[in-house]
Amino acid sequence: MFHLLTKKLTWTATTVLLALTVVVSGCGQSGSNNSKENAAATNEPGASNAAEARVVTHAMGEAKIEGTPERIVVLTNEGTEALLALGVKPVGAVKSWTGEPWYEHIKADMEGVTVVGDESQPNMELIASLKPDLIIGNKLRQEKVYDQLNAIAPTVFSETLRGEWQSNFKLYADAIGKKTEGDRVIADYDSRTADFKSKAGDKLNQKVSVVRFMAGKTRIYLEDTFTGVAFSKLGITRPDNQKYKDTFVEEITKERLPEVDADMLFYFTYETGDGKGTQMEEEMLKDPLWQSLEVVKNNKAIRVSDAIWNTAGGVIAANLMLDELYKIYEIN
């Protein structure tokens, strides 16, 4: 068994920007200042941002967006990754599910960004105080406060958060006026997944389990999850016995640990700081049933980052996970 450390990964938010040569312009606080300077030069309020209004269709209807948004508040973790990958630093964002306040893999790129609550409970007053010209959120998380958000600034909501991040990413890219750059990011990721699949060859015959430890819970993660969607693109398949119906995860007891056995197993732990997730991981890994698994005895049970492999759920994490898979499958 071995551990893959996030700090050793090569694909970061910064390298995304370099690799894609996205020109960063008019984002965050500096963009607002530039807008004011240009407006003063032309004697028109917001002249640098003057452009024909665009109508963006989203989960809650339509949003009218004028020019290029410069002060964006984002209310999902995967939305935050989308903005960073497009060269845009939000003025406000919800806290990462783990981290203080950001995931380790985006921390450097989020310096100076205001925390506006979390996905489940964004802080309306704080959001309003940032004077955003666009708010990006999600119907699943914030449907009840959509009208309040939309009263603050044009608001664009994606529909869901489970598994498939690419459609959300395209919506966000369109909303901020970076559709071309967004298409390039998606094309780059799709090219990498196709490259992995073509080079993996017979290695894809291995059956792979994905397990998550949480406070009081152990779960098998299936197809309709962040890892599941990625694995489908890569040609990675699950053990034949993991055919659970009508669920994206299967919660198991200790007695059912044999169900996670496979040729390879990835596991990660959702730890919020109270130690309960880590406690569950330690309890399961010490159990004789876990130790008896063939995948464990073959040193093919691999601990990976919960943030990257599940919780962050965005384009940066997707590429970081792919970096790890290239190494694990020994693909150059």
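Which residue follows H9 with a positive phi? Select Gly235: this glycine comes after H9, and its phi is positive, near 85°. Keep H9 in mind, as the tour returns there later.

**Before you start**

This is a predicted model, where local features need pLDDT of at least 70 and side-chain atom pairs count only at pLDDT 80 or more, while totals for chains, interfaces and linings use all residues. Residues are numbered from 1 along each chain as its sequence is written, and side-chain values use heavy atoms, leaving out hydrogens and water.

**The whole protein**

Switch to a cartoon view and you should find 14 helices and 14 strands; these are DSSP runs numbered from the N terminus, with helices being H or I of at least four residues and strands E of at least two. Of the 332 residues, 52% count as buried (under 20% relative accessible area, with exposed over 50% and partly exposed in between, using a 1.4 Å probe and protein chains only). Now turn on a surface: the protein exposes about 15100 Å², and carbon and sulfur atoms supply 48% of that (Shrake-Rupley method, 1.4 Å probe; for residues, only the protein chains shown count as cover). Among contacts (heavy atoms within 4.5 Å) with a separation of 6 or more, 65% link residues 24 or more positions apart.

**Stop 1: the largest pocket**

Select Arg141, Leu161, Arg162, Asn310 and Thr311, which lie nearest the centre of the largest pocket, and then expand to its 26 lining residues. The pocket has a volume of about 600 Å³. A pocket here is an open set of points on a 1 Å grid over the protein atoms alone, with protein on both sides within 12 Å along at least five of seven lines, and lining residues have an atom within 4 Å of a point. Grid points are joined across faces, edges and corners, and the volume is the space filled by probe spheres set on them.

Colour the lining by residue type to see 10 nonpolar, eight polar and eight charged residues. Helix H3 (77-85), helix H5 (139-142), strand S10 (208-214), strand S11 (217-221) and helix H13 (306-311) each supply at least two residues of the lining.

**Stop 2: Thr311**

Zoom in on Thr311, in helix H13. Is Thr311 buried or exposed? Its relative accessible area is 12%, so Thr311 is buried. Show the side chains of Thr311 and Arg212, joined by a polar contact of 3.2 Å (a pair of N or O atoms within 3.5 Å; within protein, one must be able to donate a hydrogen and the other to accept it, and residues adjacent in sequence count only if both atoms are side-chain atoms). Leaving aside residues up to four places away in sequence, Thr311 also touches others, including Trp97, Tyr103 and Tyr270.

**Stop 3: helix H9**

Back to H9, residues 226-234, where seven of the nine residues are buried. Among them are Phe226, Val229, Phe231 and Leu234. Show the partners of the buried residues: helix H8 (179-200), S10, S11, S13, H13 and helix H14 (315-328).

**Stop 4: Lys254**

Next, pick Lys254 in the loop between strand S12 (249-252) and strand S13 (264-269). Lys254 is partly exposed because its relative accessible area is 26%. A polar contact of 3.5 Å joins its side chain to that of Glu283. Draw a C-alpha to C-alpha distance from Lys254 to Lys217: they are 37 residues apart in sequence and 9.6 Å apart in space.

How values were computed
1 Å grid on protein atoms, 1.4 Å probe; cavity = no way out; pocket = protein on both sides within 12 Å on 5 of 7 lines; lining within 4 Å. Nonpolar A, V, L, I, M, F, W, Y, C, P; charged D, E, K, R; others polar.
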